[in-house]
Amino acid sequence: LFNTAVNWNYLLVNPNLKTKPIKYTKTEIPCYSPEEVEQLLKALKNEPIKYQAIIILTLDSGCRRGELTGLTWEDIDFEKSCININKTTQYVSGYGTFEKTTKTASSNRIVYISNVTLDILKKYRKDQLEKQLLSGNKWGNSKRVFTTEYGEDMHPNTPSKVLDNIIKKYNLKKISFHGLRHTSISLLISSGTSIQIISKRAGHSNISITHNTY
């Protein structure tokens, strides 16, 4: 920014040239081991199908939270066993929840998911349609996969609250919702999956991001 200002003759010199950059310390984002994933999945069996779908789809796909809440049913291909991640939702105080493009161009991607996850999504879709019929005209017009109990767009923070409540309820290790994405990618790495495949699946712009992060 300042270099451009100098080039355009708004400034004589770049005031940042003599400053010392802040030392960056990389912090690890907590994630689950395979054994801890099993504990989470066991706990989920006692939870509503919507909660199961939210967490299991995230664990399987490694999608970001906004990508998850941005999914529509048109993005789910049950025949090809994949989801099309092409948008995200975000909440801004005073403005509300809105749809936006994904983080980067490489974030637009097709992610293949397991039959177990597909079955969970089918059960959840059936449950959602039953609620829609019971609600009648009171049901909202959201086309998202994950909605409120009244058919409106789900708040992007809701998945985090769902996970937090489950962790507290079953005394599981505390991780953030983004930690589910890290768990998904870490499990792929430990299984020996190619770093190129993992990077593309995660929606990273280049392989070095995957290397540096994991």
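**Close-up 1. Y95 and its ring partner, F98.** In this predicted model, Y95 counts as exposed, because its relative accessibility of 64% is over the 50% cut-off. F98 gets a different label: with a relative accessible area of 25%, F98 is partly exposed.

**Close-up 2. W73 and F78, a stacked pair.** Search the whole structure for aromatic pairs and four turn up. One of them is W73 with F78: the ring centres sit 6.4 Å apart and the planes meet at 20°, so this pair counts as stacked. Back at Y95 and F98, the rings pair up edge-to-face, with 5.4 Å from centre to centre and 85° between the planes. As for how covered the stacked partners are, W73 is buried, at 14% relative accessible area, while F78 is partly exposed, at 28%.

**Close-up 3. The aromatic cluster around W73 and F78.** Zoom out a little from that stacked pair and Y124 and F146 come in too: together with W73 and F78 they make up one aromatic cluster.

**Close-up 4. I56 and the residues it touches.** Here we're looking at helix α3, which runs over residues 49–61 and holds I56. Is I56 buried or exposed? I56 is buried, because its relative accessible area of 13% falls under the 20% cut-off. Leaving aside residues up to four places away in sequence, I56 touches L41, L44, T117 and I120. Take T117 as an example: T117 and I56 are 61 residues apart along the sequence, yet their C-alpha atoms are 6.5 Å apart in space.

Notes:
Residues numbered from 1 in each chain as written. Predicted model: local features only at pLDDT ≥ 70, side-chain atom pairs only at ≥ 80, totals over all residues. Heavy atoms only, no water. Helix = DSSP H or I, 4+ residues; strand = E, 2+ residues; numbered from the N terminus. Buried < 20%, exposed > 50% of the residue type's maximum accessible area, 1.4 Å probe, protein only. Contact = heavy atoms within 4.5 Å. Phe/Tyr/Trp six-rings, centres within 6.5 Å; stacked < 30°, edge-to-face > 60°.
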